[in-house]
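Grab a pencil and work through these exercises with the structure open beside you. Try each task before you read its solution.

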Amino acid sequence: MPVWGAFLRGINLGNRRMKMAELKSCLEVAGFSEVKTILASGNVRLVAEGPEAQLKAKLEKAIAEKFGFEVGVVLRSEDELAKMLSENPFGALDPTADFTRHVLLFDAPLPDGIALESRPRDTEILRIDAREIYIAAYLQANGRYTEHVEEVLKPLYARLGKNTLDTMRNWNTIEKILQ
């Protein structure tokens with residue numbers, strides 16, 4: 001049976017709270033198997049049969065019915081996740097530098113010709129794939145890493161519009177999802 005990574009958008013913020021044990025139970029009741037949550041920020045590894053769009057709709061419906069609010073879900077298959085990991089988009093970076101690794105996951109393919117301006121040693125766009133953007137965010141003088149990520153991504157969101165479903169994850173989460 002196929003393994004999937006499900007990444008929930010915008011949970012555990014404000015009134016959109018859910019306990020991971022309740023999420024796990026909800027998804028098991030909905031028919032997903034081998035459900036495992038990773039961290040408390042809406043990362044789920046699960047096993048399910050079917051096309052991505054059908055699984056996404058089933059996940060979103062189950063979550064809305066259980067928790068009383070809609071949550072966008074971005075899915076990646078085990079093969080897609082394994083490919084992301086094997087390509088190691090952060091491998092060329094200086095391992096002694098103080099940065100965090102992030103991936104911005106999109107539900108739908110990005111339009112052709114997307115280009116974003118990197119800020120060396122601040123917010124670097126390492127690669128843009130069909131449905132992912134890989135970002136290195138360096139430690140800034142104010143003690144924050146992702147201080148300028150939103151600003152760097154602003155031209156992208158201006159082009160994509162407000163109905164874009166995406167979610168950003170720390171690369172460490174991606175590394176854990178298949179374990």
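A charge sits over a ring if NZ of Lys or CZ of Arg is within 6 Å of the ring centre and within 35 degrees of the ring normal. Keep in mind that you're looking at a predicted model.

**Exercise 1: charges and rings**

Find the ring that the charged end of Arg101 sits over.

*Solution.* Start at Arg101: its charged end sits over the ring of Phe90, 5.9 Å from the ring's centre. Now look at the company Phe90 keeps: together with Tyr134 and Trp171, Phe90 makes up one aromatic cluster. For a second case, go to Lys58, whose charged end sits over the ring of Phe32 at 4.9 Å from its centre.

**Exercise 2: a ring pair**

Work out whether the rings of Phe67 and Phe69 are stacked, tilted or edge-to-face.

*Solution.* A pair of aromatic rings is described by the distance of the centres and the angle of the planes. The structure holds 5 aromatic pairs. For Phe67 and Phe69, the ring centres are 6.4 Å apart and the planes meet at 45 degrees, so this pair is tilted. The cut-offs behind that step: under 30 degrees counts as stacked, and over 60 as edge-to-face. Check the surroundings too: Phe67 and Phe69 are both buried.

**Exercise 3: helix 2**

Check the span of helix 2, then say which of its residues are buried.

*Solution.* Helix 2 covers residues 52–67, which makes 16 residues. At 1.5 Å a residue they should span 22 Å, and the end C-alpha atoms are indeed 22 Å apart, so the two agree. Next, the buried residues: Leu55, Lys56, Leu59, Glu60, Ala62, Ile63 and Phe67. Down the axis of helix 2, these fall within an arc of 165 degrees, so they line one face. On the other side, Ala53, Gln54, Lys61 and Glu65 are exposed. The cover over the buried residues of helix 2 includes strand 1, helix 1, strand 3 and strand 4. Finally, step just past the end of helix 2: Gly68 has a positive phi of about 80 degrees.

**Exercise 4: helix 4**

Why do the buried residues of helix 4 line one face?

*Solution.* First, list the buried ones: Val149, Val152, Leu153 and Leu156. Seen down the axis of helix 4, its buried residues stay within an arc of 90 degrees, so they line one face of the helix. Here's the background: an α-helix has 3.6 residues a turn, so residues three or four places apart point the same way. Turned away from the buried side of helix 4 are the exposed residues Glu150, Lys154, Pro155 and Ala158. Over on the buried side, the cover includes strands 5, 6, 7 and 8. After helix 4 comes Gly161, with a positive phi near 90 degrees.

**Exercise 5: a hairpin**

Which way do strand 6 and strand 7 pair, and over how many bridges?

*Solution.* Strand 6 spans residues 123–128 and strand 7 spans 132–138. They pair in the antiparallel sense over 5 bridges. Pick one bridge: Ile125 has Ile135 in strand 7 as its partner. A hairpin of 3 residues links strand 6 to strand 7.

**Exercise 6: an aspartate**

Is Asp166 buried or exposed?

*Solution.* Locate Asp166 in strand 8. Its relative accessible area is 3%, and buried means under 20%, so Asp166 is buried. Leaving aside neighbours within four places in sequence, Asp166 contacts Arg9, Val74, Leu104, Leu105, Phe106 and Tyr157.

How values were computed. Residues are numbered from 1 along each chain as its sequence is written. This is a predicted model: local features need pLDDT of at least 70, side-chain atom pairs count only at pLDDT 80 or more; totals for chains, interfaces and linings use all residues. Side-chain values use heavy atoms; hydrogens and water are left out. Rings of Phe, Tyr and Trp (its six-membered ring) pair if their centres lie within 6.5 Å; planes under 30 degrees apart count as stacked, over 60 as edge-to-face and the rest as tilted. Buried means under 20% relative accessible area, exposed over 50%, partly exposed in between (1.4 Å probe, protein chains only). Two strands pair if DSSP finds at least two bridges between them. Helices (H or I, at least four residues) and strands (E, at least two) are DSSP runs, numbered from the N terminus. The arc is that of the directions from the helix axis to the C-beta atoms. Contact means heavy atoms within 4.5 Å. The expected span of a helix is 1.5 Å times one less than its number of residues.
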